[in-house]
Amino acid sequence: MSERLIYLDNNSTTPTDPRVVEAMLPYFYDVPGNAASRNHPFGWKAEEAVDYAREQVAKLIDVEAKEVIFTSGATESDNLALKGVFEMYQRKGNHIITLKTEHKAVLDSCQKIEKMGGQVTYLDVNNDGLVDLEKLEAAITDKTILVSVMWANNETGVIQPMKEIGEICARKGVLLMSDATQAVGKIEVHPKEVGVHIMAFSSHKMYGPKGIGALYVSRKNPRVKLTAQMDGGGHERGMRSGTLNVPGIVGFGKAAEIARLEMKSDAERLSALRDKLETGLLNNLEESVVNGNINHRMPHVTNISFKHVEGEGLMMTFNQNIAVSSGSACTSASLEPSYVLVALGLGDDLAHSSIRFSLGRFTTDDEIDYAIDAVTKGVNHMRDLSPIWEMYKEGIDLNSVIWQEH
Ligand SMILES: *Cc1c(COP(=O)(O)O)cnc(C)c1O
């Protein structure tokens with residue numbers, strides 16, 4: 001095998017764009033100040049850099065700079081948004097609505113809120129991964145304070161109808177939050193335009209550095225208030241104390257600016273490559289299906305189940321050369337089938353046979369050719385060894401087989 005390494009796991013994290021690294025470098029040494037030091041030029045320069053980056057991030061999502069709170073990443077932003085809203089508004093109501101397909105940072109925060117006396121509805125999604133708008137509306141009660149729906153799903157790339165959800169929430173007078181980590185910087189995400197009031201996103205999913213993220217918090221119509229989850233020096237308008245990660249913020253700002261200018265051309269190029277990968281694999285390999293709605297989907301993602309093949313084993317046939325993900329990276333330490341795919345109605349076997357390919361800014365045409373070839377060989381190899389595949393080929397109805405317990 002060649003030494004070749006192909007990275008098709010950009011939904012787990014993206015490489016940092018070299019232009020971003022370049023922008024960050026001075027802030028490690030030449031400009032070492034604390035952005036909260038108001039009494040000397042080192043502090044002023046750091047604060048200036050943070051202000052500029054805040055503008056860059058705000059411009060990407062078309063909000064006011066003051067509405068951007070820097071955090072350590074989307075996990076923290078999700079925690080701050082959900083727990084912060086719950087604590088601030090719990091006297092008004094204690095009910096939150098979210099989806100079963102949300103990221104763990106949202107689902108686990110919601111579980112914590114239940115322990116704190118909150119009530120959470122975890123809505124099913126349709127088989128294509130989209131929210132059922134009628135079910136969502138019907139779930140809202142006079143106790144509901146917040147609806148939380150992710151903009152785009154990390155495992156399938158499915159994009160939710162945020163505008164329609166925003167209309168429902170506006171009509172019912174409840175706050176709408178979105179984990180937009182997988183969408184910001186890749187497709188147009190303008191929370192104000194669609195009625196999203198709070199929005200979490202992260203730098204390292206859009207070619208910025210790791211360990212820095214943001215929360216958009218609407219300042220008017222409505223003015224959202226959050227109970228801080230981190231107490232201290234009162235940074236970030238009191239919502240998130242802690243010395244600002246100046247180099248990280250500068251990098252995040254630069255990444256946001258590049259994304260704003262290049263996202264359209266990136267998306268066009270990547271959707272063509274994604275389609276090539278997808279059709280290549282589906283044409284080469286019978287009994288393969290794409291998971292999630294293909295008409296409302298991120299341009300760089302495809303999630304495919306190769307029936308009668310176990311995804312983890314399949315990955316081992318090529319993971320010296322190609323990085324992909326089976327299920328989500330956050331749960332791949334356990335052998336549970338992906339809860340997201342299970343929520344789409346896939347049985348355990350289909351969920352276990354799925355692979356997520358997520359392309360990125362640095363993916364090349366040549367790499368896609370290589371991946372089609374390697375994955376095709378891998379699936380064929382696994383199926384050649386599989387008694388289940390043999391039975392399937394012989395026309396035995398696999399549902400009629402009584403499996404031995406072990
Ligand atoms: C990656 C991711 C997160 C977590 O972001 P971090 O910045 O790594 O904490 C949250 N939500 C979604 C949808 C993600 O893809």
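These are my notebook entries on the domains, salt bridges and surface of this structure.

**Entry 1. Model and domains**

I worked with a predicted model throughout. I first looked up the domain division: domain 1 covers 6–12 + 263–400, and domain 2 covers 18–259. I then took the distance between the C-alpha centres of domain 1 and domain 2, which is 30 Å. For the contact I recorded 30 residues from domain 1 and 34 residues from domain 2.

**Entry 2. The area between the domains**

I looked up the buried area next. Domain 1 and domain 2 bury about 2,700 Å² between them, and 58% of this area is on carbon and sulfur atoms. On the domain 1 side, M263, M298 and R361 lose the most area to domain 2, and together they account for 28% of what that side buries. I also checked for salt bridges between domain 1 and domain 2, and the count is 0.

**Entry 3. Salt bridges: R19 and E262**

For the structure as a whole I noted 22 salt bridges. I began with R19, which pairs with E262; their closest N and O atoms are 2.8 Å apart. This pair links distant parts of the chain, since R19 belongs to helix α1 and E262 to helix α8 (residues 246–284), 243 residues apart. I then asked how accessible the partners are. R19 is partly exposed at a relative accessible area of 36%, and E262 is also partly exposed, at 24%. I traced the connections further and found R19 and E262 in a network of salt bridges that also includes D17, D266 and R361. I note that R361 had already come up in Entry 2, among the domain 1 residues that lose the most area to domain 2.

**Entry 4. Salt bridges: helix α12**

I turned to K276 and D365, whose side chains meet in a salt bridge with an N to O distance of 2.9 Å. K276 sits in helix α8 and D365 in helix α12 (residues 365–384), so this salt bridge ties together parts that are 89 residues apart in sequence. I recorded both side chains as partly exposed: K276 has a relative accessible area of 29%, and D365 has 38%.

I followed helix α12 to a further pair. K377 and D373 form a salt bridge, again with 2.9 Å from N to O. Here both residues lie in helix α12, 4 residues apart, which is about one turn of the helix. What differs in my record is the exposure class: K377 is exposed, with a relative accessible area of 54%, whereas D373 is partly exposed at 40%. I placed K377 in the exposed class because its value lies over the 50% bound.

**Entry 5. A nonpolar surface patch**

I then searched the surface for nonpolar side chains. V21, L25, F28 and Y29 form such a patch, and their accessible area together is about 470 Å². I located V21 in helix α1, residues 18–24. V21 itself is partly exposed, at a relative accessible area of 35%.

**Entry 6. R91 and a long separation**

Where is R91 found? I placed R91 in the loop between α3 (74–89) and β3 (95–99). Is R91 buried or exposed? R91 is exposed, with a relative accessible area of 85%. As a last step I took the distance from R91 to T376: their C-alpha atoms are separated by 56 Å, and the two residues are 285 residues apart along the chain.

Terms used
Residues are numbered from 1 along each chain as its sequence is written. This is a predicted model: local features need pLDDT of at least 70, side-chain atom pairs count only at pLDDT 80 or more; totals for chains, interfaces and linings use all residues. Side-chain values use heavy atoms; hydrogens and water are left out. Patches are made of residues with over 30% relative accessible area and no salt bridge: like charges are joined within 9 Å, nonpolar side chains (Val, Leu, Ile, Met, Phe, Trp, Tyr) within 5 Å. Accessible areas come from the Shrake-Rupley method with a 1.4 Å probe; for residues, only the protein chains shown count as cover. A salt bridge is a side-chain nitrogen of Lys or Arg within 4 Å of a carboxyl oxygen of Asp or Glu. Helices (H or I, at least four residues) and strands (E, at least two) are DSSP runs, numbered from the N terminus. Buried means under 20% relative accessible area, exposed over 50%, partly exposed in between (1.4 Å probe, protein chains only). Domain bounds come from an automatic or database domain assignment. Contact means heavy atoms within 4.5 Å. Buried area is the accessible area (1.4 Å probe) that two parts lose on being put together, summed over both.
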